Amino acid sequence: MAGLLEIHDKDGHPEHKLKLERSEVPFICGGCNELGFGLRYQCPNMNCNYILHDECGFGLQYRRPPNQKFFKKCDFQFHQQNPLPGTRICNICALDIQGYMFQCSHGDIDLHPHCASLPLTFTLPGSNEVIKLRENTKSSCLKCQSKERASGKVQSLSYVSSDGKLCYHVACLKEACLDNWKRGYFQLDVLANEENKILALHNLAPNQVVRPSEGRSSKAMKGIKLLITFLKLVVSAILGEPFTLVSTLFQISQN
């Protein structure tokens, strides 16, 4: 995404221009009201905590998504607030839109700015498994254990491995990450404790074994590492690649 080094949010924050920065500190975006990490536009005033996702800043500047590829037939326009009556649901994560949004010109598809930039595919290192963002799947989500997650008529998309064994609703992952943040697990000093890493991982995949231990077969250990690598990739995609935080959280996979 070819972002700008600084932008001016004349409506939301007219006092100062916002500068593009990278930070491992979690934040709530002042535009879309969603959790974010990594690249962000922030007010340089030390007494101000106004922050925007880089995708929200891009939309504010260019009025279109940076690289939306899932809904190829839609012509998306940027809005700082919902231009239509009623609540709007994101067609990728199936969660309410509470601020900045991209809306199809036909008014039938709505997206959170960050959801619009989610990768369609990625490959699990050390395996032939390809993870795809999909509409319909027969696999059960690692978090909610259900095959479907919907809000009204909008079904959450899922990241699913090619063999169908690894699946995560985008909605469930966003909620689990927000919950981990509220519990304090997304702080580097907290994650210095090995048990806190286990608790954070268990919150992401409650019914899966994520704790390596002595006596496990090589096949079982391979399965654990594959699971943790999958979680690492989808968490990075959802949160905006918080490198240091993600590396610290998932460092247990090397133990």
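Let me start with the loop between β5 and β6, because that is where Ala 94 lies, and Ala 94 is a residue whose backbone deserves a moment of attention. In this model, which is a predicted one, phi of Ala 94 is near 60°, a positive value in a residue other than glycine. As background, most residues other than glycine have a negative phi. Is Ala 94 buried or exposed? With a relative accessible area of 6%, Ala 94 falls under the 20% limit, and so it counts as buried.

Gln 145 can be set beside it, since Gln 145 also has a positive phi, of about 65°, although it is not a glycine. This residue sits in the loop that runs between β9, residues 130–134, and β10, residues 150–151. Its relative accessibility is 36%, which lies between the 20% and 50% limits, and therefore Gln 145 is counted as partly exposed.

Let me now step back to the whole chain. The protein has 255 residues, of which 49% count as buried, and it contains 5 helices and 13 strands. If we take the contacts with a separation of 6 or more, 54% of them are accounted for by residues 24 or more positions apart.

One example of residues that are distant in sequence is found at Lys 17, which belongs to the loop between β1 and β2. Lys 17 and Asn 45 are 28 residues apart in sequence, while their C-alpha atoms are 9.6 Å apart in space. Leaving aside neighbours within four places in sequence, Lys 17 is in contact with Glu 6, Ile 7 and His 8, and also with Gln 42, Cys 43 and Pro 44. Its relative accessibility of 45% is why Lys 17 counts as partly exposed.

Next, the helices, beginning with α1, which covers residues 54–62. How many of the 9 residues of α1 are buried? The number is 7, so this helix is largely enclosed by the rest of the structure. The buried ones are Asp 54, Glu 55, Cys 56, Gly 57, Phe 58, Gly 59 and Leu 60. What covers them includes a set of strands, namely β1, β2, β3, β4, β5 and β6. Just after α1, Arg 63 takes a positive phi of about 65°.

That brings me to the largest nonpolar core, which has 61 residues, and in which Leu 52 and Tyr 168 touch the most other members. Helix α4, residues 218–239, provides the largest share of this core, with 10 residues. In general, nonpolar side chains tend to be buried together in soluble globular proteins. Leu 52, once its neighbours within four places in sequence are left aside, has contacts that include Gly 57 and Leu 60, together with Ile 7, Leu 18, Phe 27, Tyr 41 and Tyr 100. Not every partner is nonpolar, for Asp 9 and Arg 40 are also in contact with Leu 52.

From Tyr 168 we can move to Leu 173, which touches Tyr 168, Leu 204, Val 234, Val 235 and Ile 238, not counting residues up to four places away in sequence. Leu 173 lies in helix α2, and because its relative accessible area is 1%, it is buried. Leu 173 and Ala 205 are 32 residues apart in sequence, and their C-alpha atoms are 9.5 Å apart.

As for helix α2 itself, it has 13 residues, 170–182, and reaches 18 Å from its first C-alpha to its last, which is close to the 18 Å expected at 1.5 Å a residue. Its buried residues are Val 170, Ala 171, Cys 172, Leu 173, Lys 174, Ala 176, Cys 177 and Asn 180. Just after this helix, Gly 184 takes a positive phi of about 85°.

Finally, helix α2 leads us to the second largest pocket, whose volume is about 310 Å³. It is lined by 18 residues, and the closest to its centre are Glu 34, Leu 35, Leu 95, Lys 174 and Leu 178. Which helix gives the most to the lining of this pocket? It is α2, with 4 residues, although α2 and α4 each supply at least two. By character, the lining divides into 9 nonpolar, 5 polar and 4 charged residues.

Conventions: Residues numbered from 1 in each chain as written. Predicted model: local features only at pLDDT ≥ 70, side-chain atom pairs only at ≥ 80, totals over all residues. Heavy atoms only, no water. Expected span 1.5 Å × (residues − 1). Buried < 20%, exposed > 50% of the residue type's maximum accessible area, 1.4 Å probe, protein only. Core = buried A, V, L, I, M, F, W, Y, C linked by side-chain atoms within 4.5 Å. Contact = heavy atoms within 4.5 Å. 1 Å grid on protein atoms, 1.4 Å probe; cavity = no way out; pocket = protein on both sides within 12 Å on 5 of 7 lines; lining within 4 Å. Points joined across faces, edges and corners; volume = space filled by probe spheres on them.
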